[in-house]
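Me: I should like to go through the pockets of a structure and the reasons for the words used. Please set each value beside its definition.

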Amino acid sequence: MGSDASLTVCPDPAALAEAAAQLVVDAAGEAVRERGRFMLCLAGGETPRATYARLAQPELSGRVRWDRTWIFFGDERAVPPDHAESNYRMAHESLLSCVPIPPGQVLRMRAEQPDAEGAAAAYAAQIAGAFGTRRGELPRFDVVLLGLGVDGHTASLFPGSPVLREVFRTVAAVHVAAARIPQRVTLTFPVLNAAARVVFLVAGPEKAKIVKTVLVEQSTLPAAMVRPTDGELVWIADRAAAALHPVGEVR
Ligand code: 6PG
């Protein structure tokens, strides 16, 4: 593992959720102290649900300045926000509806719009507006949470997709034939790799093989292409997901 990357192995998914929620609380405090606001990008999928639920509990939630926090999404499926497959819905149910965040500070990807490219461009503009970045400048998220698919995808950056080569746009529409919901909107590598801290959350035995491939072997899979240029890369895995990982031999 490079000096800018770390792997924390937790005994079980509950401990993973605890570690990740604590990390978010600490990062929020630091960001608000240093920059006056906390820019947090959430992961989709199922793994982060327990982390969001833990973060929503008063003991941790009370330590976050939600009035100074902005919420973004790493990717979204082309479904309405109340759909069972919506990443927004999962985050709303487990976290956002439970904490005093001003609704205008939750920036949802409108991936359900028929004009997917338009939705991606609109989200890029919303990000730029929230960060105050100009054309050509990249936003720097304080924390980006990501999940890992068994095929090595992360966010909606899937193996073989042309979007992996994107260098200009911060947000793109993608079509992934193999995915349950093929049409999606996703952040791209330039913006993920500009973050101050990227945190992968990975749990379960079905992820053990891909964790090893991404972290130990010289992989060109999307998850292995997440390498913050001037930021920290953190992996938090439960014991089952890290089972094939020879600690100390990462990358
Ligand atoms: C999505 C995701 C995706 C997810 C991984 C892991 O919208 O599908 O953001 O990248 O994080 O597929 O998902 P699980 O946590 O459900 O295994």
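Me: How much space lies in the largest pocket?

Reply: About 770 Å³ of space lies in the largest pocket, where a volume is the space filled by probe spheres set on grid points joined across faces, edges and corners. The model is predicted: local features need pLDDT of at least 70, side-chain atom pairs count only at pLDDT 80 or more, and totals for chains, interfaces and linings use all residues. Residues are numbered from 1 along each chain as its sequence is written, and side-chain values use heavy atoms, with hydrogens and water left out.

Me: What makes a space a pocket, and which residues lie closest to the centre of the largest pocket?

Reply: On a 1 Å grid over the protein atoms alone, a pocket is an open set of points with protein on both sides within 12 Å along at least five of seven lines, and lining residues have an atom within 4 Å of a point. The largest pocket has 38 such residues, and Gly 44, Gly 45, Glu 46, Arg 77 and Arg 180 are the closest to its centre. Helix α4 gives the most to this lining, with four residues; it is called a helix because it is a DSSP run of H or I with at least four residues.

Me: How do you know that the ligand sits in a pocket?

Reply: A molecule sits in a pocket if more than half of its atoms lie within 2 Å of the grid points. The ligand sits in the largest pocket, therefore it fulfils this condition.

Me: Why is the pair formed by Glu 46 and the ligand called a polar contact?

Reply: A polar contact is a pair of N or O atoms within 3.5 Å. An oxygen atom of the ligand is 2.7 Å from a polar backbone atom of Glu 46, and another value, for an N or O atom in the side chain of Arg 77, is 2.8 Å. Both pairs therefore satisfy the definition.

Me: What surrounds the ligand?

Reply: The ligand is surrounded by 14 residues, Thr 47 and Asp 75 being among the closest; a residue is near if one of its heavy atoms lies within 4 Å.

Me: How many residues line the second largest pocket?

Reply: Its lining has 19 residues, and helix α5 (residues 116–131) provides the largest share, seven residues.

How values were computed:
Polar contact = N/O pair within 3.5 Å; in protein donor to acceptor, adjacent residues only side chain to side chain. 1 Å grid on protein atoms, 1.4 Å probe; cavity = no way out; pocket = protein on both sides within 12 Å on 5 of 7 lines; lining within 4 Å. Helix = DSSP H or I, 4+ residues; strand = E, 2+ residues; numbered from the N terminus.
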